[in-house]
2 protein chains.
Amino acid sequence: MRILVLGGDGYLGWPTALYLSRRGHDVGVVDNFARRQYDHEMGVDSLVPISSMQRRVRTWNEVSGLTVDAFVGDLTDPVFVQDVLRRFEPEAVVHFAEQRSAPYSMIDRQHAVYTQVNNVVGTLNLLYAIADFDPSIHLVKLGTMGEYGTPNIDIEEGFIEVAHKGRTDLLPYPKQPGSFYHLSKVHDSHNIMFACRIWGLRATDLNQGIVYGQETDETAQHPDLATRFDYDGVFGTVLNRFCVQAVVGHPLTVYGSGGQTRGMLDIRDTLACVELAATNPPGVGEYRVFNQFTESFSVQQLAEMVVDAFPGSATIDHVEPPRVEKQDHYYRAAHTKLLDLGLVPHLLQAATLRSMLAVVDRFRDRVDAEAILPTVDWRRTQSTLPTAGTSVVA
Amino acid sequence: MRILVLGGDGYLGWPTALYLSRRGHDVGVVDNFARRQYDHEMGVDSLVPISSMQRRVRTWNEVSGLTVDAFVGDLTDPVFVQDVLRRFEPEAVVHFAEQRSAPYSMIDRQHAVYTQVNNVVGTLNLLYAIADFDPSIHLVKLGTMGEYGTPNIDIEEGFIEVAHKGRTDLLPYPKQPGSFYHLSKVHDSHNIMFACRIWGLRATDLNQGIVYGQETDETAQHPDLATRFDYDGVFGTVLNRFCVQAVVGHPLTVYGSGGQTRGMLDIRDTLACVELAATNPPGVGEYRVFNQFTESFSVQQLAEMVVDAFPGSATIDHVEPPRVEKQDHYYRAAHTKLLDLGLVPHLLQAATLRSMLAVVDRFRDRVDAEAILPTVDWRRTQSTLPTAGTSVVA
């Protein structure tokens with residue numbers, strides 16, 4: 001099918017585009033390179049070197065014989081969004097194109113406003129463009145498990161049956177997000193659900209867990225095809241950071257007690273989930289939610305797994321938690337809908353961790369130790385980041 | 001106490017400011033005149049003539065001997081927001097300053113984006129400014145009962161105890177808003193709750209019902225002090241519109257079956273509720289929600305009440321509903337918290353309706369019959385409004 005991947009130059013967008021291309025779909029990618037710009041702003045870089053989008057697309061064509069169309073532009077520009085839909089005529093749009101870092105959104109007011117406006121307006125423009133151009137286009141939107149927060153009851157997939165004072169209703173699952181970024185995804189979810197209701201759009205909200213890993217079957221075929229590996233305090237995710245810390249001989253920095261438990265998944269499962277969602281669309285007017293993760297781990301557990309998998313010796317340090325979040329809490333979240341569609345998960349094993357550690361080892365000379373520690377404090381309205389507040393206009 | 005009323009030139013902001021001033025508070029008003037600008041855009045006007053903000057403030061001083069400070073500026077300008085807090089040093093900020101029309105937000109993409117950006121960014125700027133300047137300032141924020149939609153269970157005040165699979169938690173009440181405007185208020189609520197959690201702010205979210213009425217003890221003292229009376233298809237609310245239709249001899253236009261049931265309140269109760277909320281602040285870090293309405297009516301009931309109260313003869317017409325909403329549904333919403341604080345409601349009686357009808361009659365020559373009917377259709381992404389899409393830059 002014809003699938004347009006928004007944010008197709010990013011950590012997950014790019015490998016998703018290649019995966020879908022190799023699986024026989026006609027793929028287009030759209031990006032405004034905001035993610036590369038954040039690197040410049042923060043003075044950090046992907047551990048694994050990445051090629052330009054133009055070069056990536058060219059190399060993929062040389063390696064696979066397959067073509068991926070590339071569109072450069074910004075979703076907050078409604079004319080661009082309409083134009084891309086008209087030119088590519090997608091059957092499904094996979095929407096990764098949002099600012100996706102919680103710490104980035106918490107740097108200061110400017111970054112909070114930028115994150116919410118960028119994400120919410122981009123998605124609003126997309127909803128209007130789909131409704132205008134072809135309401136049958138299936139929107140596959142990347143949300144986050146972080147939308148739910150950590151309630152003291154089981155997390156369901158988007159909706160929950162509530163019995164109250166002798167009556168019952170199936171209601172949107174209450175959201176308790178933990179950053180202005182996570183809030184932007186909650187805002188999106190509400191807007192998308194409404195657009196499905198009034199215009200008969202079809203949408204799948206993929207509430208994704210924390211993704212780990214860097215190599216996929218496609219990206220491993222050529223260095224030009226590699227995707228990002230972020231380990232810094234702003235864009236790096238927890239498992240990547242632990243692997244880098246182990247390799248460079250720094251203690252693994254666990255925030256607080258490390259009891260924070262989150263759903264996680266292998267990067268290869270992200271690609272499979274997106275294809276399963278895209279090729280099994282919801283009905284007209286249907287807004288559905290899949291919880292896209294395969295296993296839950298506490299931060300402490302992850303640190304211990306890395307210590308165990310690391311061939312040398314590694315230690316764990318408990319540092320002052322920069323976020324405002326519960327450190328010990330109940331966590332049980334449903335995630336059966338993608339399994340029902342046929343997902344066969346890659347579970348987190350020592351072999352996975354060893355391959356991540358090997359990637360880090362290959363690029364260990366590129367590690368910037370200064371970049372790893374948290375610089376953004378949820379309790380402060382202005383981070384101490386030297387560059388904050390000077391580079392993003394909101 | 002020192003109370004700053006944002007949106008203090010609007011339908012409710014202005015009479016609230018006068019009420020608080022007369023009750024002995026030190027009051028400041030802030031406005032950017034966006035509401036007056038919407039009139040220009042739509043080619044409509046308040047039925048009751050209103051004076052400029054400068055003249056209103058001057059006349060209030062002459063009539064009462066009391067002073068209200070006025071600040072002109074836009075909440076989407078963070079420097080202005082910080083500056084106003086520094087200059088006025090409020091103990092409470094009452095925030096009416098949002099685009100508040102559901103049909104306006106549904107005109108087209110531009111108006112949807114404008115509404116969400118204006119409302120969400122204004123409130124974000126305010127939250128940051130309060131956290132920076134003085135986190136003890138109590139934010140009294142106007143939300144709407146429309147955030148809840150029409151669930152098939154009782155609506156509670158902001159939170160609901162959910163029992164699920166053998167566990168329980170008190171969770172934010174699930175929201176099913178019915179327009180991009182109502183969605184903007186849901187986004188605000190999530191952002192405010194989070195700001196209270198991370199920065200220890202104190203906030204009261206007043207989920208207000210539909211307000212009716214135009215005269216208050218203060219505004220009735222001089223024609224310069226009058227507040228707006230909107231009856232047009234975009235900014236007019238249902239009871240105002242019915243009163244105008246009765247007076248000009250137009251059938252009362254009920255959307256669909258008229259079974260849509262909503263919480264409502266008298267304008268004088270809005271003023272009392274705001275003062276009760278402001279003078280009884282929540283604790284540090286507390287986000288609380290009051291459902292601010294006094295009675296529920298279906299649209300059909302309201303039409304019949306106006307027909308009964310009207311001294312002449314009036315008829316009811318059922319027209320194609322422009323909104324996507326349930327026409328017959330369960331509706332029972334808690335509203336005890338403001339009663340517990342001492343609210344004594346003005347219930348909707350024939351006398352109230354007769355006084356509204358008298359206001360309309362006084363200004364019947366100003367009625368523009370063309371402006372009354374609905375022009376914005378929820379199912380279309382572009383309204384047929386001749387002026388739409390040319391005048392607001394989003």
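# Core, interface and helix H4 of a predicted two-chain model

Colleague: Which residues have the most contacts inside the largest nonpolar core?
Modeller: Val94(A), Cys243(A), Val306(A), Val94(B), Cys243(B) and Val306(B) have the most contacts inside that core, which has 247 residues. Bear in mind that this is a predicted model.

Colleague: What does Cys243(B) touch?
Modeller: Leaving out residues up to four places away in sequence, Cys243(B) touches Val306(B), Met356(B), Leu357(B) and Val360(B). Val306(B) is also one of the residues with the most contacts inside the core.

Colleague: Moving on to the whole chain. How many helices and strands does chain A have?
Modeller: Chain A has 12 helices and 14 strands. Its C-alpha atoms fill a box of roughly 65 × 55 × 45 Å along the principal axes.

Colleague: What is the radius of gyration of chain A?
Modeller: Chain A has 20 Å, and a compact globule with 394 residues would be near 21 Å, so the two agree. Buried residues account for 57% of the 394 residues in chain A.

Colleague: And the contacts in chain A, what share join residues at least 24 apart?
Modeller: That share is 83%, taken among contacts between residues at least 6 apart in sequence.

Colleague: Now the interface. How many residues of chain A are in contact with chain B?
Modeller: 43 residues of chain A are in contact with 43 residues of chain B. The elements giving two or more residues to the chain A side are H6, strand S6 (159-164), strand S7 (167-172) and helix H7 (180-199) of chain A. H6(A) provides the largest share, with 12 residues.

Colleague: How do the residues on that side divide into nonpolar, polar and charged?
Modeller: On the side of chain A that touches chain B there are 24 nonpolar, 10 polar and nine charged residues.

Colleague: What turn lays chain A on chain B?
Modeller: A turn of 180 degrees, with a shift of 0.0 Å along the axis, and the RMSD is 0.0 Å. That is the relation of a two-fold axis. Of the interface residues of chain A, 100% are also interface residues in chain B, so the copies meet through the same surface.

Colleague: Different topic, helix H4 of chain A. Which residues in H4 are buried?
Modeller: In H4 (residues 78-88) of chain A, Pro78(A), Val81(A) and Val84(A) are buried. They lie on the same side of H4(A), because the arc they cover around the axis is only 130 degrees. Val79(A), Arg86(A) and Arg87(A) are exposed on the other side.

Colleague: What do the buried residues of H4(A) pack against?
Modeller: In chain A they pack against strand S2 (26-31), strand S3 (68-72) and helix H6 (109-133). Helix H6 (109-133) of chain B is also among their partners.

Colleague: And what happens just after H4(A)?
Modeller: Glu89(A) takes a positive phi of about 50 degrees there. Glu89(A) is in the loop between H4 and strand S4 (92-95) of chain A.

Colleague: Is Glu89(A) buried, exposed or partly exposed, and why?
Modeller: Glu89(A) is partly exposed, because 14 other C-beta atoms lie within 10 Å; the buried class starts at 20 and the exposed class ends at 12.

Colleague: What about phi of Phe33(B)?
Modeller: Phi of Phe33(B) is near 65 degrees, positive in a residue other than glycine. Most residues other than glycine have a negative phi. Phe33(B) sits in the loop between strand S2 (26-31) and helix H2 (34-42) of chain B. With 14 C-beta neighbours inside 10 Å, Phe33(B) counts as partly exposed.

Terms used:
Residues numbered from 1 in each chain as written. Chains lettered and ligands numbered in written order. Predicted model: local features only at pLDDT ≥ 70, side-chain atom pairs only at ≥ 80, totals over all residues. Helix = DSSP H or I, 4+ residues; strand = E, 2+ residues; numbered from the N terminus. Arc of directions from axis to C-beta. Contact = placed C-beta atoms within 7 Å. Nonpolar A, V, L, I, M, F, W, Y, C, P; charged D, E, K, R; others polar. Rg over C-alpha atoms; globule rule 2.2 N^0.38 Å. Core = buried A, V, L, I, M, F, W, Y, C linked by C-beta atoms within 7 Å. Least-squares fit on C-alpha atoms with pLDDT ≥ 70 in both.
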